[in-house]
Structures are given as structure tokens and as C-alpha cells.
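Trainee: Could we go through this one together? I'd like to know how each label is earned.

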Amino acid sequence: MGEKREFSRAGFAERAWLAIEGPVNGIVSSEYNPFYYLGAISIFFLWIILVTGVYLFLFYDISARGAYLSVQSLTVTQWYLGGVMRSFHRYASDGLIITMLLHAFRCFITGRYRHWRWLAWVSGAAMAWVIWIGGIFGYWMVWDERGKLIATLSARMLESIPIFGLPLSLNFARAGNLTDQLFYIVLFIHFSTAFFLFILIMLHITRITKAVINPPRVVAYGMILALLALSFMKPAISGSPADLKRLSEAVPFDWLFMFIFPFLNWVSGRALWGFIVAATLIFAVVPWLGRARRKPPAKVTLENCTGCELCMEDCPYQAITMRKRTDGMPYPLEAVVVDKRCASCGLCVGACDYKAINLPDLPEESVKDDIRRLVAELKDKGEGRKVMVFACAKGPWIDGIKDGKGGLNGYDWARVVALPCIGMLQPSMLSMALDKDIDGVFIASCAHGDCHFRRGNDWLSGRLAGFRPPVVKKSLDRSRIGLQYLSAVEGDAFIKELTAFREGLKARS
Amino acid sequence: MWVAGVLLAFILPVIYIAIKEWRSRKASEKDGGPPRKKEPLNWSALARVSVILFVLILPSVWLSDISYSFYRKEDAALKVAFKLSGSRVADCEEADLIKKEGERYRRELKDTRQVKMSMSKLGRCPRERNPVTVELYMDGKKLLDKSYAPTGLKKDMASYVFEEFLIEPGTHRVEAKLYRSGAGKPADFSLDGTVGSKPGEIRVVRFDEKEGALLIE
């Protein structure tokens, strides 16, 4: 066995970000905190874009002469439905960019992009491309002055790629050159982006167990209300119709989609492509840059494995597969760990009641030894209520985790056992801690809905509530167990809640 | 009409959701047992989440209001834009070849009844075209001297010409020469005229196939 696992504190940037998210929990509770559902919110925006897009398509005239008029007619004469649909389409697209960027930034800042998450990160980069391309072509379709400028600039960029032999700009040189076919092609590209996006989403979540692809109902309704408010506050409208006899004047630009074009004022299209490709590649290889040392993957002890599949079901990254038994034991299946996908989070350890799977740098027995040692230490402390704390290392950064010894400065009545993820907490560990001389067990999980390794705190709640195996024994006094969801920056709240929990124990005695 | 639209679009869905939520709440109250999977909607959370999401998307309103202009207000533009096929690099009567091959085919079919059309013979007729070269002068100053290669894998299709020049508004003398017959040959078409342009205006030098001439539009 190698060295025992040491935990490190969240970096400054991560703590700063968590400090921003924290107050939102105070406003809406962590259950509905939009920052915890940025990916799901982005997908919901996509659904809104798709539904409203289909409605707009029903009224869209796919022709050089009719495109502008059809959009304008829909916006003006049918403002109460078509106009609102158009605004929804527009603001949902902008919202998609905002939440997508926040989602990427959040994953980066919280270190959720390396190792086993590389596929989600790289496919996310591909999705960003498709979303931007779809949005840019969407603006062409309106064919107002803004659409003309965007078409002119994007054509200029496309022409700078040597594979495009025909200058696209020729289509906009004079009114006589503009054909209906061009609008068919643009519409096809715009529509096909939705198709590619849904394929990429499947790839994005392919290695994620029970991926959250729908936001909570409250958040979904909230999105619709927010879009509705924006749609009435500032409806999306067209500018003046595109006039090919004049240069495009200053037009309101959607900077979330078009931010790249102003660079054409200073650099050539080819140089800009070079920059975009380089930026994309750098973004895509980020998971492999400055790679942090990976923790050793979980190991299966085959003689103990019953093939019950619980570890496979709980593994958040599909790192455990089941295969036909190879050792002649009377069970049909055995668990196998795919090392490259293993996050070493210990969720599988929490799911296994048979000591069949372990983290090499934090074996179940070593955790239980720590529990025994700390329980014994607490017993020697004499009078007063004693509390054993199980803390997620990604949750509040407290003394017991810092030094790895389990002590909590100034709180002699408590001892801390740190786990990489609170989902590693086995029911048997709880039973062991709730020794007759220990008055209560306080569980400090990371924020609800924001498990660093995904779902660990959900699985634990399920085990405590008795509906997710392995369940916590019914005979355990639930009033002696406290559970709090706290982020890495809520150390003070941890102390407050722990003290209140202990006070509660005292009151009951 | 629009009242009906508003009703259809918003009020009916809102009524539907409200009734559904009310029924779901009633059902959960009646059960009183274990927690239902679908809990009643938390209206106060909904209001707060809506505000947060509104604030989150709000920058898009501001970010789509900032104007941008690629061109300066005082700019005018002269574009050279047209499609034209250069002449064939080598003279080859494709129709004559097809005719001859057709005759051979018929003759041999009659004699042997085992004949094949030789497509390779037809393919020997070179189809490659010359590039189209454009020279453009404005007020005696050369703006453009560029050859545009024919498109197509066999370089047998038209050349596409597109260039854009930002010019000072006013009256300018424009001369253009168009070569489509290969290097060293005299210009096939030429243009010499004056063009007046106002700020923001676009003038186009193009080739009109019907008239067979370069024109300013």
C-alpha cells in the first residue's frame, strides 16, 4: 500500500467563485441554485430554441425577396405570438451562450475538466463551435441591415479558407446576384446545427451516469418567465431591410455571437481563422495541460465481490462495468474498474457492503481504523456530548481535514474523519461511529446539487432515507445523525451548525 | 384576433399549469404518506429563481444594443463582381469528336455487334480554360491586376471574380481591362468611364453576358 491520501484545499479562484455562488443558495436554496444546473439550463434553452424555431419556420419565406418581409410580418402583425416566439428564440440563444460560457468557466475554475472528464470538455468545445455557427447563420436569415453585415463579414471569413473556391460575397455584390437557393442553404445550415448539437450533447454526457439534462421544474419555469419578461421588455425586432446598393452602416450587433467579426478590422480573414483554430485547440487541450497527479483508481477484491452491481450503479463516470464471472464463484457477474475513467472518489466503496472494492490510497479498513481511533480518543475526553464528524474533503475546509489527524481546534468534543466524497460514507461506518459513548454523528457534505464528483451527497441522502442500498440500519437513531450541505467556503457555517447540532443533542438528553 | 392569440399563447398554458399544480398539491395532501416524486411547485422559489435568471440573461439585452460598423461613414465602395468563363486553353471541337465517335460506334456495331463506346477518346478533348485576368485603374492608379483561376476539378468551369475597394466619395475615372484568352493576348473587353459615388454607396463593375461588355452599375 502506498501513502495515505492527503486532501488539498480549494484554490483561491475556486473559493472566490464559490463565494459568489453561496449567496444565491441563501436566496433560492441550493436545490434551485441555477449555478448548479448550468449544463441542464443550456440544454433547456436549446429545447426552447428548437420549439420556437419550428414555429418561426412555419412563417418563414425562404427567398431573397420574402425573407425579410416574412420575419417582419410575423414580428409586427403577430406580435402577441410570433413576435414573442421570435424574442424567445433570440434571448434563449443569447442565454445559451451565457450559460454555456458560465458552465465552461465553472468547470474550469472548480477543476472539473481533467482526467476522466476530458471527453465532456472536448465535446463542449465542439458544441461551442456549432452553437456560434448556428447563431451566426440565424442572423443571416432575417436579412435586414444587420443580417447583411453579418453575411458580408462571415462570407469574407469563409472565402479566406482555400477550400472554398467560389467567393460567397459575389452573392451580395448586387441585388441581381442574390438567389433563393442561398437562403435554402442558410436555412439548412441553421437547422442542421440543432441536429449536430443533440449528437454532441449525447457525446458530452456519454460517460456520465444519470446526467442532469433537465433543470428542476422551478428553474425551468423560471427560465420561461425570465424570457417572457425580456420578450415584452425589449422585443427582438428587425432593422431596416438589407440594401445591397449601400455599405452597411452602424447596426446593433449581438456581441455574444458576433464578437469575432470586429477583429477583421485589424487582421485578415486567414489570420483570424488561425487565431480561432489556435484558441480552440488550446481550449481543447486544457485537460492535458499542467496535468495534476492522478489518484490511484479503485481496485476490486474479486473474492469479496458478489456481482450485486451497486458499485456500477453508483459510479458517476461509468468507470465500473460488470462482466461474466472469471473465478468460478457462484455469482453470475463481477465488477471491473476501467482505470482511465475512475475518479478515485470512493463512491463505489460507499456502495459496497462486502469490502469488495477499495481505494488503494484510502482503503475502507484504514478509514475504519481512523474511526476506531478517534472514537477511542473521544471516549477518553470525559464528560460532555461527543460528536463524530464525517466531512467531505470538497466541503468546508476544517482542521481535521487540514492535518489529517481528525482534531478540531477549540472543539475537543468533536473528531473529524475526512472522505474524498461524502458518498464514500458506508452505513457500516456510521454504525461504527455511533458507538454507545458517542452522542451524535454530524455529516458535512458539499453543497446540495454541487457534489464535486457528482451525486455523492444524493446517494448518501438516499441511503440515510432508506431507499438507496446499502441502506442505513433502521435501528440507528436518526435523531443522532445530522446532515448539512456546505460548500468549501462555508467553514464558519460548519462550526455554527456543528455547535447547534451538539446543543440539540444536549437538549434531548 | 390578437386577444385570441394571447389567450392561446400564454393564458391557457398558465391556467393549465396552475390547475395541474393545484391538483398535484391536493393529491399530495390527501396521500399524507411518503414523499411523492413530483412535489408541488414552490411558488416563492419560482419567483426568486425567475429574478436570478432574468438578471443572468439581462446582459444579452445590453450586449445586443451596442452598435458596430465595419465601414466608416464616409466610405464608398467599388466592387468588381462577376462570373465569366475563360476561353479554352486548346481548341477542341468536342461536338465533332462526339460525332466521329458516334459514327465509328454505329459502323462497328453493324459489322461486329461487339462494340464499345470509347469514352477515353472523348476525354482526350482538353476542356481546361484560361484564367480570367482583370486590370482595374481608378484615376490612373492601378487598383487591381489579378488572375482568377477557372473552377472545377478539370479547371473547365467559370472564373469567379469578386473584389471590394473602399474609395473616397466623388467622381472618379475608372478603366478596366478583361483578359479571358490567356497570357500575351490583348484584352478581350475594356471599360473606360466615370463613376460618381456618395458616402455609403456601392458601385459595381460587372460583366454583362447578354451585352458582352463590362459595365458599371
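Trainee: What makes β5-β2-β8-β9 of chain B an open sheet, and is the pairing mixed in what sense?

Mentor: The 4 strands come in the order β5-β2-β8-β9 in chain B, with mixed pairing. Strands here are DSSP runs of E of at least two residues, numbered from the N terminus (helices are runs of H or I of at least four). β5 (159–167) and β9 of chain B sit at the edges with a single partner strand each, so one side of each has no neighbour in the sheet. From one strand to the next, the twist averages 15°. Bear in mind that this is a predicted model, where local features need pLDDT of at least 70 and side-chain atom pairs pLDDT 80 or more, while totals for chains, interfaces and linings use all residues. Residues count from 1 along each chain as its sequence is written, and chains are lettered from A and ligands numbered from 1 in the order written.

Trainee: How do you know that β2(B) and β5(B) pair?

Mentor: Pairing takes at least two DSSP bridges between two strands. β2(B) and β5(B) have 9, in the antiparallel sense, so they pass under that definition. One bridge partner to look for is Ile167(B) in β5(B), opposite Ala76(B).

Trainee: And which way do the neighbours of β8(B) run?

Mentor: Strand β2 (residues 76–84) of chain B runs parallel to β8(B), with 4 bridges; Leu78(B) stands opposite Arg203(B). Strand β9 (residues 213–216) of chain B runs antiparallel to β8(B), also through 4 bridges, and Phe207(B) has Leu214(B) as its bridge partner. In the β8(B)–β9(B) hairpin, 4 residues lie between the strands, and Gly212(B) takes a positive phi near 65°.

Trainee: Why is β8(B) called mostly covered?

Mentor: A residue is buried when 20 or more other C-beta atoms lie within 10 Å of its own, exposed at 12 or fewer, and partly exposed in between, with C-beta atoms placed from the backbone. In β8 (residues 202–208) of chain B, 5 of the 7 residues are buried, hence the label.

Trainee: What makes α1(A) and α2(B) a packed pair?

Mentor: Helix α1 (residues 12–28) of chain A and helix α2 (residues 43–57) of chain B have axes 9 Å apart, at an angle of about 145°. Axes are lines fitted to C-alpha atoms, for helices over the stretch in contact, and angles run from 0 to 180 degrees between N-to-C directions. Val24(A), Ile27(A) and Val28(A) meet Ala45(B), Arg48(B), Val49(B) and Ile52(B), contact being C-beta atoms, placed from the backbone, within 7 Å.

Terms used
Contact = placed C-beta atoms within 7 Å.
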